[in-house]
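Me: Could you take a close look at one part of this model for me, the nonpolar packing, and then set it against the rest of the chain? Keep it informal, please.

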Amino acid sequence: MDSLNDRLKALGFKPAVDIKHDTKPVLLALEIAIDGQIIENSAGAFILKERRFAKDYTHGLVTLHAAQQTEMINQAARIPIAQPEMGSLLFIDTETSGLSANSGTFAFLVGVGRFDDEGFKLQQFIIRDPSEERAMLLHLSNIFTPGSIFVTFNGKSFDIPLLQSRMIINMLPARFRDYLHMDILHLSRKLWRNQLESCALKELETAILHLERTSEDVPGWMIPDIYFEFLRTGDPSKISDVIYHNEQDIVSLAALFLHISSLLESQSLENIGTEDLIAMSRIYAEINAPDLVTKTLQTSHDRRISKDQKARIAGLLGDHFKKSGDLNQAVVYWKEASNQNDIYACIELAKYYEHKSLDPVSALEWALRAKILIEKDLQNVKMRRLAPLIDNRITRLERKRVKNVQAKN
């Protein structure tokens, strides 16, 4: 007689040990997956990840050292402290749940870097779900002290206003928008907008820092989706790529800060490109450093450069000496620029001869020359705006010329 086991097998039943069960992979906790630690405070908990970059760490062409004069970059960024402590500079970048700063967007990752005696310390604060936002913001409000100076990339328009609005929503007393703030995007545009198609951080990394990110990086537009996928599934595997992206943003921010500082503090200009020198001269003019304007522009002017560069530099030198009160020197450079068909130099010469030399005949000659150049480029909006102004000047100068002839007669 068959055993019970034999009869069950005949009916198609299998032993439990032979049955294959679908098993889900065991997911690591986020703090373990990213090598972070849980931080708790009175408002809850969040995750902190830390990394230190030694003093000799090189990011592209820049070594992350804190031994740097920063007076010029502070003036350019309107920071009213000539040489603040490097440790007071907080390099900040956020990763958010959306790409706009509307009321529903929050920062799920805030990176803060700073220089100290050992190099550059990066702290990244991450929330595992939106309920941890208040705990993270409370911690930030304690490390952001009144003596801190924010350094961001487009943070004046996005990161800091977003953090401030989230502080208000979470009923926390902090006024981040009142802190001193240096936005490296604004300085980068002043230096490189005429040389690069874009002053996006990735573009600056490639063109200025000579840096290429690894394959770990993810595009910024994907980051909100990655975070929401983590909230749905609990799978932290892609969050590491977001953390790498944030890390690189902050270290690049610090490297750009050092590079711009080094440019603006340079004593020797021979290894700096001509276009960089022209841009630097404009920054020096803004911060009222006339000697440095003269030095950068004349260094550029004395080089073997293109005719276009020569004309632009001569025009800038003319304007600079006019502002400095040296009109004789200004006229020399305006005439040089006008020889390369610089319309604005012609207009400046017309003004000079009309109002300073009281020579309406010469003034009229320069005004007419400007009119010819303007009429060659009337498709340009700026030229169309200049056209009626130069016509009015010519009409006035014609009247003055006639009066002078009549007075002589």
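**Charges first, then the core**

Reply: Let's start with charge: the chain carries 50 positive and 54 negative charges, and the mean positions of the two sets sit 10 Å apart. Bear in mind that this is a predicted model.

Now the packing you asked about. The largest nonpolar core has 83 residues, and the members touching the most others are Phe 91, Ile 184 and Trp 192. Helix H9, covering residues 239-264, is the top contributor to this core, giving 11 residues. There is also a second, separate core, made of 42 residues, with Leu 30, Val 110, Leu 163 and Val 218 among them. As background, nonpolar side chains in soluble globular proteins tend to be buried together.

Zoom in on Ile 184. Once you skip its neighbours within four places in sequence, Ile 184 is in contact with Ile 73, Val 151, Thr 152 and Phe 153, and also with Leu 253, Leu 256, Phe 257 and Ile 260.

That fits into a wider picture of the chain. Take contacts between residues at least 6 apart in sequence: 65% of them join residues at least 24 apart. The secondary structure comes to 16 helices and 9 strands, and 47% of the 409 residues are buried. As for the outside, the accessible surface is about 21700 Å², with 51% of that belonging to carbon and sulfur atoms.

The overall dimensions deserve a look too. The radius of gyration is 31 Å, whereas a compact globule of 409 residues would have one near 22 Å. Along the principal axes, the C-alpha atoms fill a box of roughly 145 × 50 × 45 Å.

Two residues further along the chain make a handy pair for burial. His 320, in helix H12 (residues 307-324), counts as buried because its relative accessible area is 10%, and buried means under 20%. Leaving aside neighbours within four places in sequence, His 320 is in contact with Pro 290, Val 293 and Thr 294. Gln 329 belongs to helix H13 (residues 327-338). With a relative accessible area of 28%, Gln 329 is partly exposed. Gln 329 and Asp 319 are 10 residues apart in sequence, and their C-alpha atoms are 9.9 Å apart in space.

Terms used: Residues are numbered from 1 along each chain as its sequence is written. This is a predicted model: local features need pLDDT of at least 70, side-chain atom pairs count only at pLDDT 80 or more; totals for chains, interfaces and linings use all residues. Side-chain values use heavy atoms; hydrogens and water are left out. Helices (H or I, at least four residues) and strands (E, at least two) are DSSP runs, numbered from the N terminus. The radius of gyration is taken over C-alpha atoms; the globule rule is 2.2 Å times the number of residues to the power 0.38. Buried means under 20% relative accessible area, exposed over 50%, partly exposed in between (1.4 Å probe, protein chains only). Contact means heavy atoms within 4.5 Å. Accessible areas come from the Shrake-Rupley method with a 1.4 Å probe; for residues, only the protein chains shown count as cover. Lys and Arg count as positive and Asp and Glu as negative; His and the chain ends are not counted. The place of a charge is taken as NZ of Lys, CZ of Arg, CG of Asp or CD of Glu. A nonpolar core is a set of buried Ala, Val, Leu, Ile, Met, Phe, Trp, Tyr and Cys residues joined through side-chain atoms within 4.5 Å.
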